[in-house]
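Trainee: Could you take me through one part of this model in detail? I'd like the place where the two chains meet, plus any odd backbone spots worth a look.

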2 protein chains.
Amino acid sequence: MSKITIRELAKELGIAVSTVSKALRDSHEISTETKAKVLEVATRLNYIPNLYASSLRRQKSRTIAVVIPEVADSFFSIAINGIEEVAREKGYHVLIYLSHESLERETEILNEFKSGRVDGLMISVTSETCTGNHITAAMNSGLPVVFFDRICEDIQAARVITDDFESGYIATRHLLEKGSLHPVFLSISSTLSINQRREAGFIKALQEAGIPEEKKSIIPCTGSDEQIAAQILQLLEPANRPDGLIASVEKLVPPVYMACQQLGCRIPDDVRVVGFTNLPAAPILQPALTTITQPAFEMGKTAAALLFKGIEKTSFDLSKETKVIPSRLMQRASSGA
Amino acid sequence: MSKITIRELAKELGIAVSTVSKALRDSHEISTETKAKVLEVATRLNYIPNLYASSLRRQKSRTIAVVIPEVADSFFSIAINGIEEVAREKGYHVLIYLSHESLERETEILNEFKSGRVDGLMISVTSETCTGNHITAAMNSGLPVVFFDRICEDIQAARVITDDFESGYIATRHLLEKGSLHPVFLSISSTLSINQRREAGFIKALQEAGIPEEKKSIIPCTGSDEQIAAQILQLLEPANRPDGLIASVEKLVPPVYMACQQLGCRIPDDVRVVGFTNLPAAPILQPALTTITQPAFEMGKTAAALLFKGIEKTSFDLSKETKVIPSRLMQRASSGA
DNA sequence: TTGAAAGCGCTAACAC
DNA sequence: GTGTTAGCGCTTTCAA
């Protein structure tokens, strides 16, 4: 069947296990013909090395962990594609963990990595993650870490991010140019790095335009999906309806369109809309949604590539690396293009 | 820092490693007070067992593999949520592999599992997978396997599916009742189980309605995204435009709406549309999309629960299990409701 | 109830 | 270039 070990290969070939081991790892101290023979027998018997034995011995697992808040989000699922692509090329395996926006869960997950479970970690933190003690603890145990997208500002570690500040600024400028006088920013978490930066870009654009910074222009949208929908519905009531709106994350987009349909609020005539999202449905919405589209795939690939560099080259100081990959404004009808 | 082993716990406690090991596994042959002491020291020193040592010794890894064609699809990403939830409860880890609809890649991936890399496998096969030799090979090496959603009909193995035939039938009946005279079925692969069944339901409904089974009613949509878009665009040209349409998988939905917008084809007046999808954007499309919504989360959970049962109870014959979880028709405006 | 010791399959010194 | 051997950290007989 299977379960064929290196020992059996050695017996079959009449040579020592160490020779087989080295031959399989293509060591320079083995003759080409021995290697050829070993390889032949190995493929013939369909030898698959036992990863656990190897990992135990070498203290490395050829496995990385990806910890994200959720998968059912275009950004993360596309990013996983990028990660998987690089991992596959490198011969690494990918463990997926979902923190479900819970710091407690995130902490539990990271705690397990201290035993050498994985060779590296890619993480996009929860919206509850303010302090990064659980992350530095993992890093201190020698685990290479790369943050992607949602980072922890106070931790010195590798980061792959997009230009959230600029994107927030550009999105807002775009709304202003199209004629919005008082755009609002829908915020999901005041602690989340991406939210803060997008928000900062929003504020900068408002200031530059000389718009008085009233407190109402940043609208917190928190709680369950239903609660968020209710908050947005209230916001778009004719009485206090803004004339421009930025959905700072993907999950705010459906409730915005839904509320507009319910209230008979016309996009872009009554309210211009820009959304931060990679939704494939954006162009087919009515009106088509103007988006800030993040380079999800590239970010996944870049973060994975960086992590592998950190894993493989000990001389490489991962923690100093920061890569910024720009997002793009995709202008469509919802902003009044 | 960490890297604390069972040996050090033993030394700290002044007892034997075997005693510590048993205490940690809550063995009945250890006294309650010894257990308490061991546990106390273990938590104090933040002991994390080395999974690789344990896996090597016990020949099991507390890890399962999930092999799917892609993640950037609502069904799969929601299903992963369900899988992860159960895995977490059970203390299992989840490895993700993407086959990208390539049989070759799928085969490569499965081949690695023969060495005991994982304790179980959940798979949704590629659209190229007709023969399941690579899968039976893995099963023969003793690996418990559960198919979910996209199964391999000719393999006797556990299955968690939805009622694709009935859904295809219901979707078609729905279009006919709403007034479509010649609905068409957009098909992505004639070998894919879900496609075949949905298609069979479609054909049955047509036959029952006495509609002559012309060959043109099943439209193959294959190739790249661009090619699919072109095929759909051509289909919806006024000349040969059908009055009803079933998008049999999620990725066909955007090109259908896009083509209609380009051609000025009105949904549902010119063409009624039903889509098989879990897209959160379905209700906000214009018109809102009538969907066959699959129980993605439940299917993920059920499949995982079944797999763990197969892993943990050797007396349980996994291969006989089949669970069918029904999909639901969500009636919205696109079908002329 | 506890402990000593033999490996799980592989790799890496170190001999030859 | 090739072989011998000692573990990686843990579990599990088997003996005490």
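**The two chains and where they meet**

Mentor: Let's start with one residue, in a model that is predicted, mind you. B:His100 has 16 other C-beta atoms within 10 Å, so it counts as partly exposed rather than buried, which would take 20 or more. You'll find B:His100 in the loop that runs from strand 2 (93-98) to helix 6 (103-112) of chain B. Its backbone is the odd bit: phi is positive, about 50°, though the residue is not a glycine. Most residues other than glycine have a negative phi, and most peptide bonds are trans.

Now for the contact itself. Chain A puts in 42 residues and chain B 41. On the side of chain A that touches chain B, the elements giving two or more residues are helix 4 (51-58), helix 5 (74-90), strand 2 (93-98) and helix 11 (253-263). Helix 5 of chain A has the largest share there, with 6 residues. Sort that side of chain A by class and you get 24 nonpolar, 14 polar and 4 charged residues.

How do the copies relate? Chain A lands on chain B after a rotation of 180° with 0.0 Å of shift along the axis, at an RMSD of 0.1 Å. That is the relation of a two-fold axis. In chain A, A:Leu95 has the C-alpha nearest the axis, 2.2 Å away from it. Both copies use the same surface, as 98% of the contact residues of chain A recur in chain B.

Back to the backbone. A:Arg62 is another residue other than glycine with a positive phi, near 50°. A:Arg62 sits in the loop between helix 4 and strand 1 (63-68) of chain A, and it counts as partly exposed because it has 16 C-beta neighbours inside 10 Å. Chain B also has cis peptide bonds to look at. One runs from B:Ile267 to B:Pro268, with omega near 0°, and B:Pro268 belongs to the loop between helix 11 (253-263) and strand 9 (272-276) of chain B. Another goes from B:Gln286 to B:Pro287, with omega near -5°; B:Pro287 is in the loop between strand 9 and strand 10 (290-293) of chain B.

Finally, step back to the whole of chain A, with its 12 helices and 12 strands. Its radius of gyration is 25 Å, well over the 20 Å that the globule rule gives for 337 residues, so chain A is more spread out than a compact globule. The C-alpha atoms fill a box of roughly 85 × 40 × 30 Å along the principal axes, and buried residues make up 50% of the chain.

Notes:
Residues are numbered from 1 along each chain as its sequence is written. Chains are lettered from A and ligands numbered from 1 in the order in which they are written. This is a predicted model: local features need pLDDT of at least 70, side-chain atom pairs count only at pLDDT 80 or more; totals for chains, interfaces and linings use all residues. Helices (H or I, at least four residues) and strands (E, at least two) are DSSP runs, numbered from the N terminus. The radius of gyration is taken over C-alpha atoms; the globule rule is 2.2 Å times the number of residues to the power 0.38. A residue is buried if 20 or more other C-beta atoms lie within 10 Å of its own, exposed if 12 or fewer, and partly exposed in between; C-beta atoms are placed from the backbone. Copies are superposed by least squares on the C-alpha atoms of residues with pLDDT of at least 70 in both. Two residues are in contact if their C-beta atoms, placed from the backbone, lie within 7 Å. Ala, Val, Leu, Ile, Met, Phe, Trp, Tyr, Cys and Pro count as nonpolar, Asp, Glu, Lys and Arg as charged, and the others, Gly among them, as polar.
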